[in-house]
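The exercises below are to be worked with the sequence and the three-dimensional view at hand. Each task is followed by a solution that proceeds in steps.

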Amino acid sequence: MLLLGAACAALPDIDAIGYWLGVPYGSLFGHRGFTHSLVFAVLLVTAVVVAVGRRGIGGTSASWLWAYLFVATASHGFLDAMTDGGMGVAFFSPFASQRYFFPWRPIAVSPIGIQRFFSARGVMIIASEAVWVWLPAAGIAYLGGVMRRRAVGGLKSGVESRESRD
């Protein structure tokens with residue numbers, strides 16, 4: 001389930017291939033266009049959940065899996081809208097081509113290309129993402145784990161108390 005979430009969160013950047021194919025940045029299929037939209041997130045996640053099946057994964061229902069993967073996929077565009085570069089994110093593509101940034105944009109924009117990423121500027125980008133993306137994500141994951149353990153522990157103690165009454 002975690003690997004599916006990571007894949008869905010990263011997949012919107014598949015549009016970067018357009019740079020090498022000559023797709024204009026501001027077009028529907030340009031960078032931060034359709035693949036960063038909420039419609040794309042719905043379509044992708046629905047296809048993944050249908051492929052997985054109604055039972056979900058690891059005891060997680062299909063509806064919870066859908067919600068988790070939707071948040072993972074949509075978060076990519078939301079985080080990109082908090083960067084300091086580019087043309088913005090086409091959240092409502094294909095219905096509207098307008099691109100958006102959030103008013104608060106603390107994340108340094110990542111360079112496109114492997115060589116640029118592994119440069120002095122790339123190290124600065126990784127540090128920025130560690131502060132604004134990775135640390136908060138780790139905190140949310142930790143809290144989710146704590147909440148899940150408490151919920152499972154509560155269910156077990158409830159079952160044990162019912163069994164002791166019988």
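## Exercise 1: The surroundings of G33

**Task.** Determine which residues are in contact with G33, leaving aside its neighbours within four places in sequence.

**Solution.**
Step 1. With those neighbours set aside, G33 is in contact with D15, L28, A90 and R99. The model examined here is a predicted one.
Step 2. Locate the residue along the chain: G33 belongs to the loop between helix 2 and helix 3.
Step 3. Classify its accessibility. The relative accessible area of G33 is 1%, so the residue is buried, the cut-off for this class being under 20%.
Step 4. Compare the sequence with space. G33 and S110 are separated by 77 residues in sequence, and their C-alpha atoms are 16 Å apart.

## Exercise 2: R32 and two of its partners

**Task.** State where R32 is placed, and decide whether R32 is buried or exposed.

**Solution.**
Step 1. R32 is found in the loop between helix 2 (17-21) and helix 3 (38-52).
Step 2. Its relative accessibility is 4%, and R32 therefore counts as buried.
Step 3. Consider the backbone: phi of R32 is near 65°, which is a positive value in a residue other than glycine.
Step 4. List the contacts. When residues up to four places away in sequence are not counted, R32 touches D15, Y25, D80, T83, G85, G86, G88, V89, A90, R99, F101 and V109.

**Task.** V89 and V109 are among the residues that R32 touches. Describe the position of V89 and that of V109, and give the accessibility of V89 and of V109.

**Solution.**
Step 1. V89 lies in the loop between helix 4 and helix 5, and V109 is placed in the loop between helix 4 and helix 5 as well.
Step 2. V89 has 0% relative accessibility and so counts as buried. For V109 the relative accessible area is 19%, and V109 is therefore buried; the class requires a value under 20%.
Step 3. Not counting residues up to four places away in sequence, V89 touches R32, H36, G77, D80, A81, Q98, R99 and Y100. On the same basis, V109 touches R32, T83, D84, G85, R121 and I125.
Step 4. Add the distances. V89 and F34 are 55 residues apart in sequence and 8.8 Å apart from C-alpha to C-alpha. V109 and H36 are 73 residues apart in sequence, with 15 Å from C-alpha to C-alpha.

## Exercise 3: Two helix crossings

**Task.** Describe how helix 1 is arranged relative to helix 4.

**Solution.**
Step 1. Two packed helices are described by the angle between their axes and the distance between the axes.
Step 2. The axes of helix 1 (residues 2-10) and helix 4 (residues 62-80) come within 7 Å and cross at roughly 30°. Helix 1 is therefore roughly parallel to helix 4, since angles under 35 degrees fall in that class.
Step 3. The crossing of these two helices is right-handed.
Step 4. Helix 1 contributes L2, L4, G5, C8, A9 and A10 to the contact, and helix 4 contributes Y68, L69, A72, T73 and H76.
Step 5. Of the residues in this contact of helix 1 with helix 4, eight are nonpolar, three are polar and none is charged.

**Task.** Carry out the corresponding description for helix 3 and helix 4.

**Solution.**
Step 1. The axes of helix 3 and helix 4 come within 9 Å and cross at roughly 145°.
Step 2. This crossing of helix 3 and helix 4 is right-handed.
Step 3. From helix 3, the residues L38, F40, A41, V42, L44, V45, T46, V48, V49 and V52 meet A62, L65, W66, L69, F70, T73, A74 and F78 of helix 4.
Step 4. The residues of the contact of helix 3 with helix 4 comprise 16 nonpolar, two polar and no charged.

## Exercise 4: Aromatic rings and a cis peptide bond

**Task.** How many aromatic pairs does a search of the whole structure find?

**Solution.**
Step 1. The search finds 12 aromatic pairs.
Step 2. A pair of aromatic rings is described by the distance of the centres and the angle of the planes.
Step 3. For Y19 and W20, the centres are 6.2 Å apart and the planes are at 85°, an edge-to-face pair.
Step 4. Y19, at 36% relative accessibility, counts as partly exposed, whereas W20, with a relative accessible area of 63%, is exposed.
Step 5. One aromatic cluster is formed by F78, F91, F92, Y100 and F102.

**Task.** Which kind of peptide bond joins S93 and P94?

**Solution.**
Step 1. The bond is cis, with omega about 10°.
Step 2. P94 is located in the loop between helix 4 and helix 5 (114-117).

Methods: Residues are numbered from 1 along each chain as its sequence is written. This is a predicted model: local features need pLDDT of at least 70, side-chain atom pairs count only at pLDDT 80 or more; totals for chains, interfaces and linings use all residues. Side-chain values use heavy atoms; hydrogens and water are left out. Axes are lines fitted to C-alpha atoms, for helices over the stretch in contact, and angles run from 0 to 180 degrees between N-to-C directions. Helices (H or I, at least four residues) and strands (E, at least two) are DSSP runs, numbered from the N terminus. Angles under 35 degrees count as roughly parallel, over 145 as roughly antiparallel, 65 to 115 as roughly perpendicular and the rest as oblique. A crossing is left-handed if the near helix is turned anticlockwise from the far one by less than a right angle, and right-handed if clockwise. Contact means heavy atoms within 4.5 Å. Ala, Val, Leu, Ile, Met, Phe, Trp, Tyr, Cys and Pro count as nonpolar, Asp, Glu, Lys and Arg as charged, and the others, Gly among them, as polar. Rings of Phe, Tyr and Trp (its six-membered ring) pair if their centres lie within 6.5 Å; planes under 30 degrees apart count as stacked, over 60 as edge-to-face and the rest as tilted. Buried means under 20% relative accessible area, exposed over 50%, partly exposed in between (1.4 Å probe, protein chains only).
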